[in-house]
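Here are some short exercises to work through with the viewer open. Try each task before you read the solution below it.

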Amino acid sequence: MTPRNDAAPSILLRGGRLIDPSQGLDETGDLLITGGVVEAHGRLGEVRRDGAAQPEIVDVRGRVVSPGFIDVHCHLREPGREEVETIATGSRAAAVGGFTAVCAMPNTDPVTDNQAAVGFIIRQAQRAGGAKVYPIGAISMGQQGQTLAEFGEMVGAGAVAVSDDGRPVASAQLMRTALEYARTFGIPVADHCEDPTLALGGAMNEGVMSARLGLRGIPAEAEEIMAIRDILLARLTGGHIHLCHMSTKGSVELIRWGKERGINVTAEVCPHHLSLTEAAVEGYDTNAKMNPPLRTAADVAALQEAVKDGTIDVIATDHAPHHYDEKEREFADAPNGIVGLETALAVNLTWLVHGGSIGLPLLIERMSCAPARLFHLPGGTLRAGSPADVTVFDPDASWTVDPAKFRSKGRNSPYAGQTLRGTVAMTLVDGRVIHRA
Amino acid sequence: MTSALGKDLLALEPLSSEQIRLILDTAEPFKEISERSIKKVPTLRGSTIVNLFFEASTRTRISFEFAEKRLSADTVNVASSGSSVSKGETLVDTARNLEAMRIDMVVIRHGASGAAQFLAERIESNVINAGDGTHEHPTQGLLDLLTLRDHFHRLDGLKVCICGDVLHSRVARSNIWGLKKMGAEVAVCGPRSLLPNAIDELGVTVFSRIEDAIQWADALNVLRLQLERMQGGYIPSLREYNRVFGVTSERLARAPKDVLILHPGPMNRGVEIDSDVADGPHSVILNQVTNGVAIRMAVLYLLSGGRPELAEAAKGGGGR
């Protein structure tokens, strides 16, 4: 139960479609927020509060009111690359995208591999006043893949998971130890699955496109070999392995295999892997360069199906801002990654919901409830008494992506110029409005 | 003025068979200029061309330079080893600087696939790709087509096998597209570790045995084996490569017919090709070099807006 903050304003969201899969809720009604927590929902009629300020009434008819989205995978670049993104700009971009909380990957400079670094991120986030930011600590000191970082102290300082994201853990022994040690603290180990020898020098998916373009390819097996290794190590250790940004049909089959056997494996997928294929690389567009790379139509279909059937638990952005100069170069030399916080909802709505593959409740489950559950975070629910982390969105409204308008410092989006459906109307964190369109 | 080829020549994949035939036909009258004692016509007088070579090249650079000079263009050579990244200046800055100097054409050789297109999208000048990474080398593909057509008087139905390191070869890609568009049948032959996994999706036949390729083919285009591929672990040794995939006179002797031999150079004699084959009666390796100048003259002429039917007249002065 979240402590009430009686200084927080009272808000009544009136007449929206309340969707909260955590309690099987999907109905038209009102949501009353007081003291930073959800007080009540349903058909509340006239709300009068004796002796206190009356709640601000916001008409949200025709809109969806859902537990706030939680992104378990983003890169906020601070400390170290503040010209590319800061915790302030990143957490505000998150708010614009309807996220009430994000998990920040530790590949900062210096690496987030100790309690002081974790504490720094938390303090910067408190100052920023955007979405909540939960640090993810490194698995190994300096992400060097050699010695374990101090999970216990990092968790004590506020870290919610560990990962060497971007630097795949090559040593099976280190991954085994990390899973065992993380179990002590009840946190997931998130892994970027990539066999570094198979993927070496690769710039895109290996296939007919890479053969045509003369670019070195990354085979699907580079991901799948590490995915099955991690799943088997989770079986060995009983630890919780969380597989980051899955991109292939084969990975989906391996996760399914693991889950059928009761292995503690969870997985995420990114909006771009659910919507785009390697065809986007045509013309050497560096905004279509990311790792794992965009794959084939068959992979996209398998990933969409996995989101639907629960093989994949979570949709996460892998928001990775880069300076525009860095992307304005030869394809093989350009850095990996795209921004995602401000387009994730619309991409998911456009391709998955309007595309007919899943309904709104399942999308909210994958973007809010499941992330909260898997990473043991507050939020992900509208139950009375829970923190008022709430997103209000219009699932149908069309807009055209203009990266110049992003709150993120990054402009690297493959969706630039595309018309998508789905806009965020309001984002509330602990009852406070952090974004209003 | 838009040329029949568009603004740039970046690759053969996007060209139509008509455009390829146009270039080959336009090259015919230009061949003769190089046979004269005074090897110069005024066609590109006043045009400025930059030869921008980020990778070492002797043959291609000289061939372009002769083509430009024989058409009376003003040329500047910029050679820079290493990628733009190691050099410090980015390719986009290089592009902007060239643009600011108001040049007419850029011939670019670069180690990164897509570099020519990257440049072409950022400057108004015509861009000619002289080889980008492992993507394409369109003028090499065109001169190979011209050489084959000279010999066989047709391309349609011709059986051509590209031998060697197809995975890393821009020459292979340009040949595959060019030959297929002109109606030839294309095969590749080499160790599987040096062929792209998805090679058959490009519509080519794959031979694992060089003997089978020789039996099948009217012509072999033997690629240079980059010596660094051995260090990269793609093949165990040059010795074994020669034993298994080398184009030797013994192997050619068992063919049912004479097989024409092409090689884009520079050759590793005794590795991918034996000397007696390279120097033998069925080798057209030096004809390729001669044709290279004519092809590049044709491309420069067409991109500058020259009208194909006037190429004969562009020779100027009536020849001899």
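**Exercise 1. A residue ahead of the first helix**

Keep in mind that this is a predicted model. Task: find which residues A11(B) is in contact with, leaving aside its neighbours within four places in sequence.

Solution. Step one: go through the contacts, and you get N129(B), E136(B) and P138(B). Step two: place the residue in the chain; A11(B) sits in the segment before α1 of chain B. Step three: check burial. The cut-off for buried is 20 or more other C-beta atoms within 10 Å. A11(B) has 25 of them within 10 Å, so A11(B) counts as buried. As a last step, try a distance: D74(B) is 63 residues away from A11(B) in sequence, and their C-alpha atoms are 25 Å apart in space.

**Exercise 2. Two domains in chain B**

Task: work out which elements of chain B supply at least two residues each to the side of domain 1 that touches domain 2.

Solution. Begin with the bounds: the domain assignment of chain B has domain 1 as 17-135 + 292-314 and domain 2 as 138-287. Between these two domains of chain B, the contact pairs up 17 residues of domain 1 with 15 residues of domain 2. On the domain 1 side, the elements to pick out are α1 (17-33), β4 (126-132) and α13 (285-303) of chain B. α1(B) gives the most there, with five residues. Sorted by class, that side of domain 1 of chain B holds seven nonpolar, seven polar and three charged residues. To finish, take the domain centres over C-alpha atoms: those of domain 1 and domain 2 of chain B are 26 Å apart.

**Exercise 3. Where the chains meet**

Task: say how many residues each chain puts into the contact between chain A and chain B.

Solution. Count by chain: 24 residues come from chain B and 16 from chain A. Next, look at chain B's side, where α3 (84-87), α4 (91-100), α5 (115-120) and α7 (170-181) of chain B give two or more residues. α5(B) has the largest share of that side, three residues. The class split for chain B's side is ten nonpolar, ten polar and four charged.

**Exercise 4. Chain A as a whole, and its core**

Task: decide why chain A can be called as compact as a globular protein of its length.

Solution. First, the inventory: chain A has 13 helices and 18 strands. Its radius of gyration is 21 Å, close to the 22 Å from the globule rule for 437 residues, so chain A is as compact as a globular protein of that length. Burial comes next, with 60% of the 437 residues in chain A buried. Then turn to the largest nonpolar core: it has 122 residues, and C103(A), V162(A) and L303(A) touch the most other members. Domain 1 (11-65 + 386-436) and domain 2 (68-374) of chain A both contribute residues, so this core lies between them.

**Exercise 5. One helix up close**

Task: identify which residues of α4(A) are buried.

Solution. Start with geometry: α4 (residues 172-185) of chain A has 14 residues and reaches 20 Å from first C-alpha to last, close to the 20 Å expected at 1.5 Å a residue. The buried ones are M175(A), A178(A), L179(A), Y181(A) and A182(A). Their cover includes α3 (151-157), β9 (161-163), β10 (189-191), α7 (220-237) and β13 (241-243) of chain A. Finally, step off the end: G186(A) follows α4(A) and has a positive phi, near 70°.

Key. Residues are numbered from 1 along each chain as its sequence is written. Chains are lettered from A and ligands numbered from 1 in the order in which they are written. This is a predicted model: local features need pLDDT of at least 70, side-chain atom pairs count only at pLDDT 80 or more; totals for chains, interfaces and linings use all residues. Domain bounds come from an automatic or database domain assignment. Two residues are in contact if their C-beta atoms, placed from the backbone, lie within 7 Å. Helices (H or I, at least four residues) and strands (E, at least two) are DSSP runs, numbered from the N terminus. Ala, Val, Leu, Ile, Met, Phe, Trp, Tyr, Cys and Pro count as nonpolar, Asp, Glu, Lys and Arg as charged, and the others, Gly among them, as polar. The radius of gyration is taken over C-alpha atoms; the globule rule is 2.2 Å times the number of residues to the power 0.38. A residue is buried if 20 or more other C-beta atoms lie within 10 Å of its own, exposed if 12 or fewer, and partly exposed in between; C-beta atoms are placed from the backbone. A nonpolar core is a set of buried Ala, Val, Leu, Ile, Met, Phe, Trp, Tyr and Cys residues joined through C-beta atoms within 7 Å. The expected span of a helix is 1.5 Å times one less than its number of residues.
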